[in-house]
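Here's a quick walk through a two-chain complex, written for someone who likes to see the numbers next to the picture. Have the viewer open and follow along.

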Amino acid sequence: MLSTGRTKVGGEEEAAAGSSPRAATAPAAVHAPAGSSASAPSSGGGGAGPGAPPAGAGGGAGRPPARRRGRSSWWRAERLLPHGLHVFAFIPLVALALLLGALVWKALPAIRYNGTGFFTRSVWSLGNLYVLPVKTGGVAHPPEAAYGALSLVEGTLVSSAIAIVLAVPVAVGTALVVVEKLPPRLSTGIGFCLEVLAGVPSVVFGLWGWFTLGPFLAHDIAPIWADHIFNHLPDVPVLRFFRGPTGGGTGLFVAGVVLAIMILPIVAATSRDLLRQVPRGTVEGALALGMTDAESLRAVNMPWVRSGVIGATVLGLGRALGETIAVAMVGGSLVAAPVHSLYPDFGTIAATIVNTLDSALTDVSGLATDTLAELALVLLVITLVANVGARLLVRRVATTALPVGRGI
Amino acid sequence: MALAATAGAAPGVRRRKLGNRVLWSACAVALALVVAPVVWIVVGVVGRAVAHFHFSILSTYPVGNGGGLLNSVEGTGVIVAGVLVLAGTVGVAGGVYLAEYTRADRGGFLRGASEVLAGVPSIVFGYVGYIVLVVRFHWGDSVVAGIVVLSLLVVPYITKTTEVALRNVPTNYREGGEALGMSSGATLRRLVLRPALPGIATGLILALAIAIGETAPLLYTAGYSSRPPTFALHHSPIGYLTYNVWTDFNQPSALAHQRANDAALLLILIVLVLIVVARLVVMTTQRYSPDRPQRVGKATP
């Protein structure tokens with residue numbers, strides 16, 4: 001296969017080399033008489049002088065094919081180009097498979113040891129690391145090691161839910177203003193703002209949340225409803241969730257707000273692009289029927305973009321579920337604290353992996369790192385479901401493709 | 001309003017107008033809620049850093065809790081250069097394949113895999129990089145492990161932008177190449193790739209911005225070193241700016257806080273510059289090449 005490819009390349013190169021001298025000489029031969037005939041009437045004696053440039057031009061015209069021939073032998077390999085490119089196009093698929101495979105392989109002992117209790121307990125104990133590991137069911141582990149990720153899964157889902165609830169109305173509202181009301185120059189400015197928001201590194205969000213936003217929310221904003229409203233309402237399950245104290249600047253609420261700001265650009269930019277595609281005629285028809293802006297939005301624009309916005313929301317959800325560093329900085333990074341209230345410190349899967357890997361390395365039996373792999377696997381499955389779901393949803397109904405990842 | 005009142009439908013119309021006004025007021029608030037954090041973050045981070053900023057951080061290595069960020073600036077440069085070469089090659093090649101050698105309605109599986117890979121959380125990349133490259137392959141904390149992991153993370157962005165840029169090149173260009181007897185490869189190289197270059201460059205720039213801003217994939221693959229980067233292939237930890245923010249922000253030391261703020265300032269400046277450059281690339285090329293299809297239509301009045 002490879003050898004035939006090579007002979008073919010060589011054969012064609014010879015063919016090209018054989019044909020190109022003809023191509024190079026033919027224009028020169030045509031050109032030279034033309035030049036001489038044109039110069040002959042003007043001045044007989046100086047014919048050689050004006051005659052020289054055409055000859056030079058003919059040589060110049062002959063040169064590019066020669067150069068092309070020199071390069072073409074090299075570029076004949078382009079016959080193989082699609083096959084080479086094919087390999088690169090497969091790399092993301094292979095990478096996905098490798099990620100899944102490596103995590104499953106690494107997590108197997110932990111999956112066997114932790115069992116289904118991993119999803120029903122809130123406990124995180126490396127066990128007694130000062131004695132030799134013991135074996136249970138073929139898995140070596142420190143005595144009394146126990147892992148349960150219920151609170152982490154809860155923390156991940158709840159913080160992302162807060163982010164979605166806060167971000168989606170703001171993002172859609174922004175998209176509406178940008179598309180319907182703002183002049184092009186201003187909407188470009190808003191687009192720039194969204195790009196900056198999408199481009200700011202998550203550590204910078206974390207730093208800002210830690211020093212600036214967290215204390216502001218905990219001391220100035222959350223008490224408005226926590227202390228003044230919910231603390232006076234009856235202590236029943238749902239209302240209890242919002243009761244103070246509001247903490248000192250880290251915790252679930254702060255993390256939720258930071259996550260909301262981080263996923264704003266994905267939802268807003270996608271909604272904006274979708275709203276721009278709503279056919280103008282239909283909107284104007286609605287207005288001509290006497291509808292107000294708001295009514296035509298409800299009757300025409302929103303149905304048109306709904307599924308796309310839902311897709312973008314799910315994509316943002318995937319982003320929020322997997323966000324690591326910002327949550328690790330402002331979330332308080334507790335590992336086994338069930339989520340009972342909106343304000344205390346908590347933990348997410350991603351933040352726990354990044355926060356506890358160092359301490360997990362002290363477990364010589366390796367069960368702690370295996371359990372982190374199991375956590376990562378759970379996170380990967382959750383985000384894969386969110387992503388694939390979002391893309392299937394959007395591909396079925398809308399023409400706009402979703403942005404990848406951060407949406408910039 | 002006055003007209004409606006004379007028409008005798010006042011109560012309903014008034015309610016509808018009120019609804020309209022409420023909606024747009026809410027939207028205006030939403031707009032403010034988008035713009036405010038941007039301004040607040042940029043001003044806040046810059047303000048906190050500028051108070052103590054000194055250019056010596058760009059020329060000195062860290063000493064204890066204080067000192068400069070030269071190791072991280074150099075390290076970020078090395079990592080980003082590596083990512084640009086590795087992810088740039090893979091991403092552009094993959095994008096060219098998807099745009100030129102698969103039909104728009106085919107290759108959905110490859111395209112979908114690439115898009116889904118972009119949604120994988122960065123810590124999953126980091127942890128798999130750690131268990132496979134650092135531990136299993138015995139590379140140790142090394143710059144190559146960091147580059148590989150970070151490249152996988154940004155490849156989907158480059159693939160996507162490359163594919164979109166190439167699909168925006170008019171089909172006439174390819175037909176013209178074919179009419180001249182050029183092979184498909186030559187057409188691609190000489191006619192199609194050139195108008196798509198600004199789009200590809202934009203994708204590379206944005207991928208660069210993401211690579212510079214990531215922390216989680218690097219923490220356990222590239223490690224951290226407060227010395228200048230060594231170019232050993234394995235067991236060569238390297239510094240990077242995001243690490244300084246991540247580690248120093250809650251140290252009990254004012255010097256460490258300053259270093260975290262300085263690193264955040266550098267990061268935000270780099271990202272801003274990259275975004276502006278990407279915008280300029282798009283704007284200038286759209287302005288000076290009228291034969292390119294304008295992707296963003298003007299808002300119809």
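What follows covers the make-up of the chains, then the spread and domains of one of them, a bent helix and the contact between chains.

Keep in mind that this is a predicted model.

**The two chains**

Let's start with the basic tallies.

| Chain | Helices and strands | Buried residues | Share of contacts (separation of at least 6 residues) that join residues at least 24 apart |
|---|---|---|---|
| Chain A | 13 helices, four strands | 44% of 408 residues | 77% |
| Chain B | eleven helices, two strands | 49% of 301 residues | 75% |

Reading chain B from the N terminus, you get α-α-β-β-α-α-α-α-α-α-α-α-α. Chain B is more spread out than a compact globule, because its radius of gyration is 25 Å, well over the 19 Å that the globule rule gives for 301 residues. Along the principal axes, the C-alpha atoms of chain B take up a box of roughly 80 × 65 × 35 Å.

**Domains of chain B**

How is chain B divided into domains? Domain 1 covers residues 10–50, and domain 2 covers 58–288. The C-alpha centres of these two domains of chain B are 34 Å apart. Where the domains of chain B touch, five residues of domain 1 are in contact with five of domain 2. On the domain 1 side of that contact in chain B, four residues are nonpolar, one is charged and none is polar.

**A helix with a bend**

Now look at H8 of chain B, which runs over residues 184–213. With 30 residues, a straight helix would reach 44 Å at 1.5 Å a residue, but the end C-alpha atoms of H8(B) are only 38 Å apart. Where does H8(B) have a kink? The kink is at Leu193(B), shortly before the proline Pro195(B), and comes to about 60°.

**Where the chains meet**

Between the chains, 74 residues of chain B are in contact with 72 residues of chain A. Which helix gives the most to the side of chain B that touches chain A? That would be H2 of chain B, with 19 residues. Helix H2(B) runs over residues 10–50, and domain 1 of chain B is given as 10–50 too. Sorted by class, the chain B side of the contact with chain A has 54 nonpolar residues, 14 polar ones and six charged ones.

Notes: Residues are numbered from 1 along each chain as its sequence is written. Chains are lettered from A and ligands numbered from 1 in the order in which they are written. This is a predicted model: local features need pLDDT of at least 70, side-chain atom pairs count only at pLDDT 80 or more; totals for chains, interfaces and linings use all residues. Domain bounds come from an automatic or database domain assignment. Two residues are in contact if their C-beta atoms, placed from the backbone, lie within 7 Å. Ala, Val, Leu, Ile, Met, Phe, Trp, Tyr, Cys and Pro count as nonpolar, Asp, Glu, Lys and Arg as charged, and the others, Gly among them, as polar. The expected span of a helix is 1.5 Å times one less than its number of residues. The bend at a residue is the angle between axes fitted to the seven residues ending there and the seven starting there. A residue is buried if 20 or more other C-beta atoms lie within 10 Å of its own, exposed if 12 or fewer, and partly exposed in between; C-beta atoms are placed from the backbone. The radius of gyration is taken over C-alpha atoms; the globule rule is 2.2 Å times the number of residues to the power 0.38.
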